[in-house]
Structure formats: C-alpha cells, structure tokens
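Please consider the structure shown below. A reader's questions about it are answered in turn.

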Amino acid sequence: MPYTPPPEHPHLAAADPGLLRAIAEGQARLTPEQALDLFRAAPLTALARHADARARALHGDSIRTYIIDRNINYTNICNARCTFCAFRRDATDADAYTLPKEVIHEKIAQLIAIGGTQILMQGGMNPDLPLDYYLDLLSSIRERFPKVHIHAFSPPEMVEFIHFFNPPGASFEDKCRWVLIKLRDAGLHSLPGGGGEIFADPVRRKIGLGKCDAESWLTVMYAAHSLGMFTSATMMFGHIEGHADRIHHMWLVRQWQDRALRESGVGDRESGVGFSADARTPNVPFPTPEPRHPTPAFGHYKSFISWPFQRENTPLGRVPDWGADPAELEQEFPGDCIARAWDYGRGVSGQPPGQRAADVFDYASMDRDQYPTAAKFGLRVRMSGSTDYLRTQALSRLFLDNIYSIGASWVTMGPHIGQVALACGANDMGSVMMEENVVSSAGTTYCLDEAVLCRLIRDAGFTPAQRDNTYDLLRLHNGPGSPDLLVNDWSTHRTRRLHIQAPKQPRPAKVTVNSR
C-alpha cells in the first residue's frame with residue numbers, strides 16, 4: 001500500500017482531545033504551530049501521556065529495546081570549529097589522534113566479546129585522510145568481522161569527503177551518491193545522524209562554524225536513502241536556539257522522511273521491520289533476522305534521538321546564561337525572538353523565500369520594538385534541564401508520526417531520566433556504552449552495562465529486548481536467565497566512567513561571537 005502521510009487539521013486547537021487521540025493513533029499530524037503551542041502550554045504529564053499512547057500504538061505495551069554497540073571515534077582532528085564541541089583538535093595538538101585499523105579491530109573484538117552487534121564510527125573532519133583510508137578500514141572490518149553492522153560517517157563527514165575527494169557528479173547529490181556507493185561497496189551499512197544540531201540557519205551559522213548547512217545534511221541522508229540505506233536523525237538543543245527552532249528541525253526531518261517513504265512506496269510500519277518479537281519464548285535468541293528488504297529500493301530514517309547541549313569545556317559553554325541578570329527574564333529569550341522572525345524557515349517579511357539568515361538578519365540593528373532582544377542572539381544560552389528534555393522528547397514522538405523509533409538519551413541526562421523517558425514517548429534505551437569521546441569531552445561520563453540497562457527497562461514496567469540496527473529483536477529477556485535477573489550484587493554494576501580515547505589536555509579557548 002503506498003505511503004500517505006496523515007492529514008493536518010490546522011483549524012483545531014493543539015490541545016483538542018480528538019486531535020491528540022487521532023495523533024496517538026497515527027490518524028492525524030500536528031502542524032508546527034500546534035506543536036509549539038503544545039510544547040509551551042501543555043503540562044508535562046499531559047505531553048507524556050499522549051506521547052506514551054503514540055509509542056504504545058507503534059511498539060505495543062510490553063517490550064522496550066536496547067542495542068549493544070560501541071562508539072569508535074577514529075580521529076579527533078577536525079577542520080570545523082563548532083562552538084559547542086570539546087572534542088575537536090588541530091593536527092598539531094599534543095592529544096590529536098587518528099586510529100590505525102589494528103586499534104579499531106581490537107575495539108571491535110572487545111565489543112563482540114560482550115555480545116555486541118554494531119559499531120557506531122564517527123570522527124572529526126580530517127583533511128589529511130584519503131579516501132583509501134576509509135575504504136581500506138571498512139573492507140578490513142567486513143573481512144574480519146562479517147557479522148558486525150557498520151553504522152558510520154555522519155552527514156558533515158560526508159560533506160567534507162566530497163570537498164576532500166572531489167568526486168565526479170553533476171550535482172551535490174550525485175557526488176554524495178558516488179562517495180556513498182564506494183563506502184557501501186567497501187562495507188558501510190548505514191549512516192548515523194550526527195551533526196544535525198539545530199537546522200535553523202540563524203542558529204547553525206552561530207554555533208557550527210565550518211559545518212554543513214541543513215540542506216546539505218538532509219541531502220546526504222536522502223542520497224543514502226536512495227541507495228537503500230537506513231539512517232537516523234538527531235537534534236542537539238538547549239543553547240541559543242528558540243523553541244520554534246526545535247520544531248522547525250523536526251519539521252524538516254518529517255518532510256524529508258515523507259519524501260523517502262513516498263518514493264519507497266511503503267510506510268515503515270507496513271514494512272514489518274521491528275515487529276519480529278515472540279514473547280512466548282523466554283530468553284532464547286531470535287534467529288538472525290533475514291533482512292525484510294535485502295536490497296531495498298529506498299531506505300529512510302529509522303529513529304530520532306535528541307539530547308541537550310553539554311557545556312563543560314566548550315567555547316559556547318562560557319556564554320552567559322539567560323537570566324543571570326534577573327531583569328532579562330521579563331523579556332523574550334533572544335533565540336525565541338530570532339526564531340519568530342525566521343518563522344520556521346519560511347523567510348522574513350519582504351525577503352525572498354529561503355533567503356539565508358546571514359544575508360537577511362543584522363541582529364544588532366533589527367527593529368527593537370518588534371524584536372527587542374535580537375541584538376543579544378548568540379550572546380546568551382538557555383540550558384535544558386530534565387523537564388525541558390522530557391517535554392522535547394515527548395513532543396518529538398507526537399510530531400514525528402513517520403519515524404519508527406524515538407531514543408532516550410540517558411548518556412547525557414543520566415540513567416534515571418532515561419528511564420523516565422520511556423514514559424514520555426521513547427521506546428528505545430540506546431546502547432550499552434563501552435566508549436564515547438565526543439559528549440564525554442564536554443563533561444558527561446555515564447556508562448552502563450547490559451544488566452543495568454535491562455533493569456532500568458524492567459523497572460519502568462517493560463520487558464527488555466536486545467535489538468539490531470533495524471529494530472529486529474535479537475533476544476527477549478522475559479525469563480530467569482535475563483542479564484538483570486542474574487545479578488546478586490548490584491554494587492558491582494554501578495555507573496562507571498567511559499573509556500576515553502585520548503585524555504583531554506587542558507587548553508584555553510577564546511570565545512568569538514559574530515554580531516551577524
């Protein structure tokens with residue numbers, strides 16, 4: 001049956017009970033304006049209840065999932081200068097590194113030893129690495145570890161590959177496809193959604209210096225989908241953006257997902273992917289799933305994961321908090337002010353549609369009657385706490401009606417907020433975390449093993465199940481042999497520090513914020 005997105009009902013109030021019930025059932029979708037109204041006005045408990053209803057409609061009442069994988073950051077050398085990043089290094093820095101394939105192989109062997117099935121491999125945008133480095137690395141992994149799923153190379157990396165390698169093609173999309181085919185043929189299976197941050201051009205121009213714009217990010221993923229690859233989408237929020245910018249970000253993901261699903265000819269639920277559980281068989285591994293689409297004509301986004309900005313050790317983290325001067329709280333947050341002017345990317349009054357923010361907005365000289373705090377845009381941050389995170393995640397479940405999975409971000413928020421997220425629309429707890437170097441560079445170091453992850457899911461009222469990249473279930477833990485039910489002494493399973501590839505060397509960084 002061809003994919004048809006659910007209809008919008010813009011004449012209805014966001015809190016209309018019939019609308020929210022239809023959204024939970026997948027029979028209606030929110031407009032951006034309704035989503036913003038819900039985010040700002042609905043009680044957290046109401047948002048959570050409706051998001052949970054939507055999650056249960058998609059995933060049932062009993063099973064919630066996790067994966068065992070390893071984050072491998074193959075290099076920290078990067079030519080971008082994102083103000084939110086504490087991970088990047090110049091090639092001349094003492095703690096700069098690029099991993100040889102032998103070290104990566106050792107990391108994968110350690111992953112397999114604990115039952116892992118996937119690597120998430122991302123790195124800085126290193127101009128000194130030739131295409132052959134990546135092709136040789138992928139083919140060596142495929143040859144030595146043929147059952148390991150390689151989920152690697154985010155859209156900003158792909159954009160830089162095009163700049164570095166100058167592939168043939170009449171358009172940016174054609175060039176993306178050429179590079180992706182090379183990587184796929186060498187062993188790449190799917191693309192992660194790193195580098196999404198916030199798509200809104202005013203924000204992205206401020207925080208992502210040297211990183212690709214939203215159009216390029218989305219085009220890379222579309223090119224991957226056109227080759228039958230599945231991908232994920234992400235959002236990093238809680239810094240200088242307005243609340244409407246978060247919804248604009250989700251809106252673009254939803255629009256491009258609609259496009260991919262239309263061209264694939266089938267919706268995600270209709271494909272059957274992710275519905276392979278047999279709850280009658282306790283603790284027995286499911287057979288290795290046969291791919292539902294061995295060579296799918298078109299892939300799509302399988303998941304959406306959002307997390308708050310982590311400020312420690314980052315240039316952006318030294319920007320003052322909004323409200324440090326209490327008088328500021330009587331005014332509109334600068335990010336909300338600019339988001340209102342940007343109007344979900346529809347353009348600015350009197351300007352051509354799609355005009356870039358840097359060509360339109362002079363933040364220091366905008367009409368102060370209409371945009372009173374515009375001059376402070378980028379000069380104040382509004383950090384996200386637990387409540388704001390849970391509201392954002394719940395809204396993502398309601399708004400992204402065409403995305404199968406919503407992931408909980410316990411890595412940044414902590415295990416127990418991640419557990420609460422399972423009642424706010426999330427269906428997946430992400431990965432047992434052996435290693436992570438990017439977020440941990442900014443001060444977050446949560447690390448959980450499989451038993452703890454299973455216990456968090458079970459204590460939230462669900463049966464834990466290990467999954468693969470496409471959300472097929474590998475092992476359902478509903479019997480006495482479950483990892484958490486075998487533990488007698490939980491003191492040996494306390495949260496540990498992550499493995500960090502290169503110990504961070506303290507170094508001062510100067511914050512430079514452009515006025516435009």
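The dialogue concerns one arginine and one strand.

This is a predicted model, in which local features need pLDDT of at least 70 and side-chain atom pairs count only at pLDDT 80 or more, while totals for chains, interfaces and linings use all residues. Residues are numbered from 1 along each chain as its sequence is written, and side-chain values use heavy atoms, with hydrogens and water left out.

Reader: Is Arg70 buried or exposed?
Author: Arg70 lies in strand β1 (residues 63-73); strands (E, at least two residues) are DSSP runs, numbered from the N terminus. Buried means under 20% relative accessible area, exposed over 50%, partly exposed in between (1.4 Å probe, protein chains only). Because its relative accessibility is 4%, Arg70 counts as buried.

Reader: With which side chain does the side chain of Arg70 make a polar contact?
Author: A polar contact is a pair of N or O atoms within 3.5 Å; within protein, one must be able to donate a hydrogen and the other to accept it, and residues adjacent in sequence count only if both atoms are side-chain atoms. The side chain of Arg70 reaches the backbone oxygen of Lys107 at 3.2 Å. At 2.6 Å, its side-chain partner is Gln110.

Reader: Over how many bridges do β7 and strand β8 pair?
Author: Two strands pair if DSSP finds at least two bridges between them. Strand β6 (residues 231-237) pairs with β7 in the parallel sense over 7 bridges. Within β7, Ile305 stands opposite Gly407 in β8. For β7 and strand β8 (residues 405-407), the pairing is also parallel, and the number of bridges is 3.

Notes:
Helices (H or I, at least four residues) and strands (E, at least two) are DSSP runs, numbered from the N terminus.
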